[in-house]
Amino acid sequence: MQRSTCADLPPIVVGAGPAGVRAAATLLAHGLRPVVVDEAPRSGGQVYRQPPPGLERSAQELYGSQAGRARAVHACFASIQAQIDYRPDTLLWNAQPDGLDLLHQPTQTLSCLPWREIIVASGATDRVLPLPGWTLPGVYTLGGAQVALKSQGCAIGSAVVFAGTGPLLYLVASQYSRAGAQVVAVLDTAPRAARWRAIPGMLSQPAIAAQGLQLIARLRAQRVPVHRGVQLLHIEGDARQQRAQAIVWRDHAGRAQRSACNAVGLGHALRPETQLADLLGCAFSFSPVQRCHVPTIDAMRRSSVPGVYLAGDGAAVLGADAAECSGELAAWALLADRGLPVDATRIARLQRQLARAQRFRQAMEQAFPLPAAQWAQHCPGELVICRCEHITAAQVHAAITEGGAQELNRLKALCRVGMGRCQGRMCAAAAAELLAHTLGMPVQQVGRLRAQAPIKPVPLGAALASQKSEGNAP
């Protein structure tokens, strides 16, 4: 992969969440003025997302037990913002050897940013195993439900069920309950006994484990029913209003249950957002802990491509505190590769912290296992897998059994799963699980969807305006 070798280009940091903020602050403290490109209008990332000006809520209301860390990250970025080249509201939609293609969203302006080194802190995305009714209005991912609460101070419904598994399930439910929303129930697909098996690994991060227990205790104190070991069956919708009306599920004893609601927050943990790393040419390998293919990185967060560093949840979902550590480590690696002095003691400490976070993440995988096999086994043919292209499980199955698809990109070519505007972010995980189950092979053997530009949709008007400004219009 050929890249610009111009020595005076500033380092690029993509993302202004915990990893990106710490990376930028470290680079600035050692004499480099980074360019920080962030899709959001304000720093903080998803975990420490800030509401727009004029919608003021306290840090305690927004972030709960994470309020202290959120304030620290926001304060850190505020202290460096005037000294860096900060580009908010800017989507990095394509990466090329000689430049990064950007869209400034408020002005719909396209530009190209040359690069020498880039720290990608792209964060994580929701993982969803679909169920019938998941395309109804009122059904959101857990991340989407959290964005609504943090960004606009509103709930996704007046009676909400949160369903799926993973720590985020309890965090978002607790945030909604604390904000005064009615949380009808928390439905966790993880077996009830799984938590006990994960206790030894959880002790590697006792403070974080304690926070998780506090979330569950707070939900119970607020009389929110928490059910573990459930099987999610389908979401009912009102035929006239076309909105979620209830979720039907089986409890751990196999008894059918129905929870009336008008909104559902759905998610099965998080997975790294890796499309930009793919476009940059990074090598990937399968991670059993993340249950997906992730970019290959060394202990300093260097990727396989010289000058490309991967930090935060975009490389491995380890949590906000670990994201900060990895952001700083990536910055130290960049400094070292430029021949600048580094702090070996500090680096060793950060690596120890990340090792503990990795052990804790493995424990979380034990505590909140993905119900992939059960989901694929009971997946009905009419279930929509890819909502962008409206591809059903039956169409996926036909592409496998009749079309001979044995790899995810071949499946995409045959039935268009993953070809929509989300580029597979919402459907790739489910499609991979269904492909693996149908073929009777481990999910790591079916491959991963190759990233395509644009990573996210770019308005045609912006592209046409850019062509005209460059004198290339027909």
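Before I come to a particular threonine, let me say that helices, of at least four residues, and strands, of at least two, are DSSP runs numbered from the N terminus. With that in hand, and keeping in mind that this is a predicted model, we can place Thr-274 in the loop between strand E17, residues 270–272, and helix H8, residues 275–279.

Is Thr-274 buried or exposed? Its relative accessible area is 14%, and since buried means under 20%, Thr-274 counts as buried. If we leave aside residues up to four places away in sequence, Thr-274 touches Phe-284, His-293, Pro-295 and Gly-314.

Let me turn now to pairs of helices, beginning with H1, residues 18–29, and H3, residues 67–80, which pack at an angle of about 40 degrees with their axes 10 Å apart. That angle makes H1 oblique to H3, and the crossing of these two helices is left-handed. Which residues make the contact? From H1 there are Pro-18, Val-21, Arg-22, Ala-24, Ala-25 and Leu-28, and from H3 there are Arg-69, Val-73, Cys-76, Phe-77 and Ile-80. Sorted by character, the residues of this contact between H1 and H3 comprise 9 nonpolar and 2 charged ones, with no polar residue among them.

The second pair is helix H9, residues 320–337, with helix H10, residues 344–367, whose axes come within 9 Å and cross at roughly 145 degrees. Here too I can give the handedness, for H9 passes H10 in a left-handed crossing. On the H9 side we find Ala-322, Cys-325, Ser-326, Glu-328, Leu-329 and Trp-332, and these meet Arg-346, Ile-347, Leu-350, Gln-351, Gln-353, Leu-354 and Ala-357 in H10. The residues in the contact of H9 with H10 divide into 8 nonpolar, 3 polar and 2 charged.

My last example is a single helix, H13, which covers residues 408–415 and in which Leu-408, Asn-409, Leu-411, Lys-412 and Cys-415 are buried. Why do we say that these buried residues line one face of the helix? Seen down the axis of H13, they fall within an arc of 155 degrees, and so they line one face. As a reminder for anyone new to helices, an α-helix has 3.6 residues a turn, so residues three or four places apart point the same way. The buried residues of H13 pack against strand E22, residues 391–392, as well as helix H12, residues 393–401, and helix H14, residues 428–439. Finally, if you follow the chain just past the end of H13, you come to Arg-416, which takes a positive phi of about 75 degrees.

Note on methods: Residues are numbered from 1 along each chain as its sequence is written. This is a predicted model: local features need pLDDT of at least 70, side-chain atom pairs count only at pLDDT 80 or more; totals for chains, interfaces and linings use all residues. Side-chain values use heavy atoms; hydrogens and water are left out. Axes are lines fitted to C-alpha atoms, for helices over the stretch in contact, and angles run from 0 to 180 degrees between N-to-C directions. Angles under 35 degrees count as roughly parallel, over 145 as roughly antiparallel, 65 to 115 as roughly perpendicular and the rest as oblique. A crossing is left-handed if the near helix is turned anticlockwise from the far one by less than a right angle, and right-handed if clockwise. Contact means heavy atoms within 4.5 Å. Ala, Val, Leu, Ile, Met, Phe, Trp, Tyr, Cys and Pro count as nonpolar, Asp, Glu, Lys and Arg as charged, and the others, Gly among them, as polar. Buried means under 20% relative accessible area, exposed over 50%, partly exposed in between (1.4 Å probe, protein chains only). The arc is that of the directions from the helix axis to the C-beta atoms.
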